[in-house]
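Student: I should like to take a close look at a single part of this protein. Could you please guide me through one pocket and what surrounds it, step by step?

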Amino acid sequence: MKIPWVNFHHPKKWLDFGNSICSLLLLYFAAAAVAFSGRRLRMVRGKTQLRRIENAASRQVTFSKRRNGLLKKAAELSILCDAEVGLIIFSPRGKLSEFSSSRSFFLS
């Protein structure tokens, strides 16, 4: 039984291990290493701590981005689930941002 051996310098090199259990185990572990190699190389985003952002400019940019994301999620929720959604957001400066999935939505 001939098994391809991964060698970057000689990619067409073949090693003959015969019909032994060792060759089957080698094939199994080589396939497993190739299959799981993508998982080892992934970058994982670290956990962020929830605390107040001290820099005022960074805080405003973060608020703006997260507000827009929240408004987008509210719109998606109303469309996907056919739900009545109302959202009211006040900025630190008192500016109002609002979303309503329908015109006839009132708070009671």
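Tutor: Let us begin with the lining of the second largest pocket, whose residues divide into two nonpolar, three polar and three charged. The model under discussion is predicted. The residues that line this pocket are Thr48, Gln49, Leu50, Arg51, Arg52, Ile53, Thr62 and Arg66. The space within the second largest pocket comes to about 160 Å³.

One of the lining residues, Arg52, leads us to the salt bridges. Side chains of opposite charge can pair when their charged atoms come close. Arg52 forms a salt bridge with Glu54, and their closest N and O atoms are 3.6 Å apart. Are these two partners buried or exposed? Arg52 counts as exposed because its relative accessibility is 53%, where the cut-off for exposed is over 50%. Glu54, at 60% relative accessibility, also counts as exposed.

The count of salt bridges comes to two. Lys73 and Glu76 are joined by a salt bridge with an N to O distance of 3.9 Å. These residues are separated by about one helical turn, because Lys73 and Glu76 are three residues apart in helix α2, which covers residues 56-81. Lys73 is exposed, with 55% relative accessibility, whereas Glu76 is partly exposed at 31%.

Let us now follow the chain beyond this helix. Asp82 lies in the loop between α2 and β3. Its backbone deserves attention: most residues other than glycine have a negative phi. Asp82, however, has a positive phi, near 50 degrees. Asp82 is also exposed, with a relative accessible area of 72%.

After the loop we may turn to strand β3, which spans residues 86-90 and has side chains that alternate along its length. Leu87 and Ile89 point to one face and are buried, while Gly86, Ile88 and Phe90 point to the other face and are not buried. Strand β3 pairs with strand β4, residues 96-100, in the antiparallel sense over five bridges. Within this pairing, Ile89 stands opposite Ser97 of β4. The hairpin of β3 and β4 has five residues between the strands, and Gly94 in this hairpin takes a positive phi near 95 degrees.

To return to the part you asked about, the pocket lining includes Arg52, and Arg52 is a partner of Glu54 in a salt bridge.

Notes. Residues are numbered from 1 along each chain as its sequence is written. This is a predicted model: local features need pLDDT of at least 70, side-chain atom pairs count only at pLDDT 80 or more; totals for chains, interfaces and linings use all residues. Side-chain values use heavy atoms; hydrogens and water are left out. A salt bridge is a side-chain nitrogen of Lys or Arg within 4 Å of a carboxyl oxygen of Asp or Glu. Buried means under 20% relative accessible area, exposed over 50%, partly exposed in between (1.4 Å probe, protein chains only). Helices (H or I, at least four residues) and strands (E, at least two) are DSSP runs, numbered from the N terminus. Two strands pair if DSSP finds at least two bridges between them. On a 1 Å grid over the protein atoms alone, a cavity is a set of points where a 1.4 Å probe fits but cannot get out, and a pocket is an open set with protein on both sides within 12 Å along at least five of seven lines; lining residues have an atom within 4 Å of a point. Grid points are joined across faces, edges and corners, and a volume is the space filled by probe spheres set on the points. Ala, Val, Leu, Ile, Met, Phe, Trp, Tyr, Cys and Pro count as nonpolar, Asp, Glu, Lys and Arg as charged, and the others, Gly among them, as polar.
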